[in-house]
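Got a few questions about how the labels in this fold are earned. Let's take them one at a time.

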Amino acid sequence: MFSEQTDKTASGVTVVVALVNYCTRDLTLDALRSLEPEIAQYPGSHVVVADNASPDGSGAEIARAIAENGWSTWARLLPMPINGGFSYGNNGVVREQLAKPQPPKYIWLLNTDTVVRPGGLRALISFLETHPDAGIAGSRLEHPDGERQCSAFRFHSVAGEFESSLQIGVVSKLLKPWVIAPPLTDEPSRYDWLSGASMLIRTRVFQDVGLMDEDYFLYYEETDFCRRALDYGWSCWYVPESRVIHLVGKSTGVTDAAGRVKRRAPYWFQSRRRYFIKHHGVVYAALADLALAAGTALSMLRNVVRGRAPTNPERFLSDLARQSAILNPSAGGETR
C-alpha cells in the first residue's frame, strides 16, 4: 500500500475524468456513482461525460440525472455532434482541457462500463506523483467477483499474433518474449500499453504527443497512443492497487447476453490494420494477418478434432481476409 507521505504528496492535484457515452445510460450512471467519493478527494477536479450523439436520448437523460442527483458541482455532459468513436469522444474532453489557461494535471480516460473500487483514483495519482518519468498509469481491471482481467500488454507483433490466436502451451512457451498478454504482477510494473478502460494520463503527455488518433473508431487507439507516448519517452505502468470493475463488452456490445463473443465488427479489423500499417508498414501488416489467420485456422482444427465448441467469433477468417492489409494496403481513415 502507498504510504501516508505519498498520499500527502498527491494533495492539491486536479484531475478531469473523461467518460464517453453512446447509448449506455445505466452503465454511465453507475460509473458516476462510483466516482463521486473519488472526485471528492481532489477539490477542483470533475467528470465530463462526452455523449457521442446517442440516438436513444441517453445523453439528455444523463444530464438530467446529474442535476437530480446533485452531481452538477463535479460532473457535466459534453454533447458531441456525431458518433465519431472512442478517440473522438475522449478528444472532445481533452481538447477542452488543453485550451484552458491552467489545465488539470491529469486526465483519466475511463470506460462507462466500469465501477471504480474505493481508492482507485488515489492509487493511480499517488503512483504518478512519485514516478515523474511515468506518463500513463492503468488500473487492475477485474470482474465483479474480483477475478483479475488482462489489462496490461506487450505491443503486437507477427509472433504475438500467431501465439494469441493459437494458444497452445508449447508454442506459447517458445514465443514467450512476444506474448501479447503476459502474466500480470502484484506490484506496479512497466508494460508496453494499457487497456483504455482505465488510463490516468499526465496532461503533459497530451501536450507532447497530441490527441488520440480519431481514425481508429474503436479498438487499438490506446495501443497507438501508448506507442506514441513511448516515442516521447513516457512509459506506461500497471498499478494493481487501483482496482476497477470492468463489465467487459457491455459498452461496445462485442458479447451477447450469455457472454459469447459475437462476430467482429468491420471497424475492429480496420483499426487493427491501421495500427500495423501505421507503425510497421504494409509488408509487416500482411505478415501479421497471415500469422493471425494461421493460428486461428489451427485453433479451429484443434477444436474440431477434440469435439469442442467453436471459440472464435463467427466468420472470423473470412472477415480477416476481406479486411487484410494484402487486399487493403492503406492504413486509411475509413474507420469512422
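Q: Which residues in H4 are buried?

A: This is a predicted model, and in it the buried residues of H4 are Phe-86, Ser-87, Tyr-88, Gly-89, Asn-90, Asn-91, Gly-92, Val-93, Val-94 and Gln-97. That's 10 of the 13 residues in the helix, which is mostly covered.

Q: What do the buried residues of H4 pack against?

A: Four strands and two helices: E1 (15–21), E2 (46–52), E3 (75–80) and E4 (106–110), plus H8 and H9.

Q: How do you know what span to expect for H4, residues 86–98?

A: Take 1.5 Å times one less than the number of residues. With 13 residues, H4 is expected to span 18 Å, and it reaches 18 Å from its first C-alpha to its last.

Q: Why is the pair of Phe-127 and Trp-237 called tilted?

A: Ring centres have to lie within 6.5 Å to pair, and planes that are neither under 30 degrees nor over 60 count as tilted. Here the centres are 5.4 Å apart and the planes sit at 45°, so tilted it is. The pair links distant parts of the chain, with Phe-127 in helix H5 and Trp-237 in strand E11, 110 residues apart.

Q: Are Phe-127 and Trp-237 buried or partly exposed?

A: Buried means under 20% relative accessible area. Phe-127 has 1%, so that one is buried. Trp-237 comes in at 22%, so partly exposed is the right call there.

Q: What makes the pair of Tyr-220 and Trp-268 edge-to-face?

A: The angle: over 60 degrees counts as edge-to-face. These planes are at 65°, with the centres 6.2 Å apart, so the label fits. Tyr-220 is in the loop between H8 and H9 while Trp-268 is in H10, so the pair ties together parts 48 residues apart in sequence. Both residues are buried, and ring pairs link them into a cluster with Phe-269, Tyr-275, Phe-276, Tyr-284 and Phe-316.

Q: What lies over the face of Trp-268?

A: Arg-264, at 4.6 Å from the ring centre, where the cut-off is 6 Å. Likewise, Arg-227 lies over the face of Phe-155, at 4.1 Å.

Q: Which residues touch the most other members of the largest nonpolar core?

A: Ile-136, Ile-201 and Phe-225, out of 46 residues. H10 gives the most to this core, with five residues. Leaving out residues up to four places away in sequence, Phe-225 touches partners including Ile-136, Ile-201, Val-205 and Phe-206. Apart from this core lies another, of 35 residues, among them Leu-29 and Leu-128.

How values were computed: Residues numbered from 1 in each chain as written. Predicted model: local features only at pLDDT ≥ 70, side-chain atom pairs only at ≥ 80, totals over all residues. Heavy atoms only, no water. Phe/Tyr/Trp six-rings, centres within 6.5 Å; stacked < 30°, edge-to-face > 60°. Buried < 20%, exposed > 50% of the residue type's maximum accessible area, 1.4 Å probe, protein only. Lys NZ or Arg CZ within 6 Å of the ring centre and 35° of its normal. Contact = heavy atoms within 4.5 Å. Core = buried A, V, L, I, M, F, W, Y, C linked by side-chain atoms within 4.5 Å.
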